[in-house]
Structures are given as structure tokens and as C-alpha cells.
Amino acid sequence: MENKIETSAEYAEAAALPPRCHEVHADPDSPARMTEVPAPLQEPVQNKSPAQWAYERLILYIRNFEKQLDASQEVAMGFVGGDAGVLRIEGIGYFDPDIVTFYGADGTGARTQLVQHVSQLNVMLRAMPVATEDRPAQRIGFRLAADLEAD
């Protein structure tokens, strides 16, 4: 765990600054470019835990990634280190102050849940083929963003 010491002035300044997102891509019209940030995430961070703040920003990245997928693909996340494979993202949550959790299924269809401390958070978004062709691709990012904007 990090024991970062902030002065009260540093804490107040960080809490008052609105979050910023900045990206540069080789293709200036890249569909990967983050273009929309919901109003709740344009406000100063103030009373959000690290878990809630990580959760809300992950929603934006997942939704943005899904915009680049075609109808035969769904979002999944790859695990870093080890042979854990991928998790088709079917849900995300957080537990204050510092835990983020991902719900879904692995490549074999087995129910999977990842519980991770925000200090260890690494998420590699991947496109996976739709699990069953008898249903359209699920877009969890758009549902998550709607839930975020409803709060």
C-alpha cells in the first residue's frame, strides 16, 4: 500500500481540479480516441474513493472500446502475467475504498470473477467473438455509462 503524504494544500488542489483526459494517436481520426466524457466525470474528484474513481474511468474506456467493435465482437479483458486467459466482461463493480471487481466468463464459458486492489489495476481490453451466434453482441460499456449518468 502506498503511504503518500500530501499537504492540505495539495489535497485541496487535487480535489478542486476537474479531471482531464488527453490522448494522441497516429491517426487523428482514430476511433480509439476518447471523445465523450459524461458530466459526472467532468466534476472535481472531491469525495470519491480510489475504487469509485477507477470504476468510473474504466466505464469510459470500455464504452469507447466497444464503439470500435463490429456486431460479431464483444469486449473482454486479458490478464497480465500467468495463464489466466481472458474474461468476457459482463459486469463491473467496486467496494470502497480500494477494490474493483470484474464479473464474466472465461474462454470456456466458466463463470469468472476478478477482485483487484486499485493499486494493482491493469486492464487490457480485447475484442472477442460473440459467445453464441443466436444473440447480438452485448455492450456492457453503454449500460455502465447509463448507470453512471443516472446517479
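## Tyr-55 and the aromatic pair

Tyr-55 counts as buried, with a relative accessibility of 9%. This residue belongs to a predicted model, and the values below are computed from that model. Tyr-94, by contrast, has a relative accessibility of 33% and therefore counts as partly exposed, since the partly exposed class lies between the 20% and 50% limits.

The count of aromatic pairs comes to 1. In that pair, the ring centres of Tyr-55 and Tyr-94 are 5.0 Å apart and the ring planes stand at 50°, so the arrangement is classed as tilted. Because Tyr-55 lies in helix 2 and Tyr-94 in strand 2, the pair ties together parts of the chain that are 39 residues apart in sequence.

## Overall organisation

The protein chain contains 3 helices and 5 strands. Along the sequence these elements follow the pattern α-α-β-β-β-β-β-α. Of the 151 residues in the protein chain, 34% count as buried. When contacts between residues at least 6 apart in sequence are considered, 60% of them join residues at least 24 apart.

## The sheet

The 5 strands form an open sheet in the order 4-3-2-1-5, with antiparallel pairing. Strand 4 (111-117) and strand 5 (124-129) are the edge strands, each pairing on one side only. From one strand to the next, the twist averages 40°.

Strand 1 and strand 2 run antiparallel and are joined by 3 bridges. Within strand 2, Val-86 is the bridge partner of Gly-78. Strand 3 and strand 4 are also antiparallel, and 7 bridges join them; Thr-101 has Val-115 in strand 4 as its bridge partner. The hairpin of strand 3 and strand 4 has 5 residues between the strands, and Gly-109 in this hairpin takes a positive phi near 95°.

## Helix 2 and the nonpolar core

Helix 2 lies across strand 1, strand 2, strand 3 and strand 5. Relative to strand 2, helix 2 runs at about 150°.

The largest nonpolar core holds 23 residues, of which Val-75, Ile-89, Ile-92 and Phe-102 touch the most other members. Two or more residues of this core come from each of helix 2 (50-66), strand 1 (73-78), strand 2 (86-95), strand 3 (99-105) and helix 3 (140-150). Helix 2 gives the largest share, 8 residues. As a general tendency, nonpolar side chains in soluble globular proteins are buried together.

The surroundings of Phe-102 can be listed in detail. With neighbours within four places in sequence left aside, Phe-102 is in contact with Leu-58, Met-77, Leu-87, Gly-91, Ile-92, Thr-112, Gln-113, Leu-114, Leu-121 and Val-123.

## Polar contacts of Glu-56

Glu-56 is placed in helix 2. A relative accessibility of 5% means that Glu-56 counts as buried, because the buried class covers values under 20%. Two polar contacts of its side chain are described here. One, of 2.6 Å, joins the side chain of Glu-56 to that of Lys-48; another, of 2.9 Å, joins the side chains of Glu-56 and Gln-52.

Lys-48 lies in the loop between helix 1 (8-16) and helix 2. Not counting residues up to four places away in sequence, Lys-48 touches Pro-40, Leu-41, Trp-53 and Glu-56. On the same basis, Glu-56 touches Leu-41, Lys-48 and Leu-148. Leu-41 thus appears among the contacts of Lys-48 and among those of Glu-56.

## The loop at Ala-71

Ala-71 is located in the loop between helix 2 and strand 1. With 66% relative accessibility, Ala-71 counts as exposed, because exposed residues are those over 50%.

The C-alpha atoms of Ala-71 and Pro-129 are separated by 9.1 Å, although the two residues are 58 residues apart along the chain. Ala-71 also touches Val-130, Ala-137 and Arg-139, not counting residues up to four places away in sequence.

Notes: Residues numbered from 1 in each chain as written. Predicted model: local features only at pLDDT ≥ 70, side-chain atom pairs only at ≥ 80, totals over all residues. Heavy atoms only, no water. Core = buried A, V, L, I, M, F, W, Y, C linked by side-chain atoms within 4.5 Å. Buried < 20%, exposed > 50% of the residue type's maximum accessible area, 1.4 Å probe, protein only. Helix = DSSP H or I, 4+ residues; strand = E, 2+ residues; numbered from the N terminus. Contact = heavy atoms within 4.5 Å. Polar contact = N/O pair within 3.5 Å; in protein donor to acceptor, adjacent residues only side chain to side chain. Phe/Tyr/Trp six-rings, centres within 6.5 Å; stacked < 30°, edge-to-face > 60°. Pairing = 2+ DSSP bridges. Axes fitted to C-alpha atoms, helices over the stretch in contact; angles between N-to-C directions.
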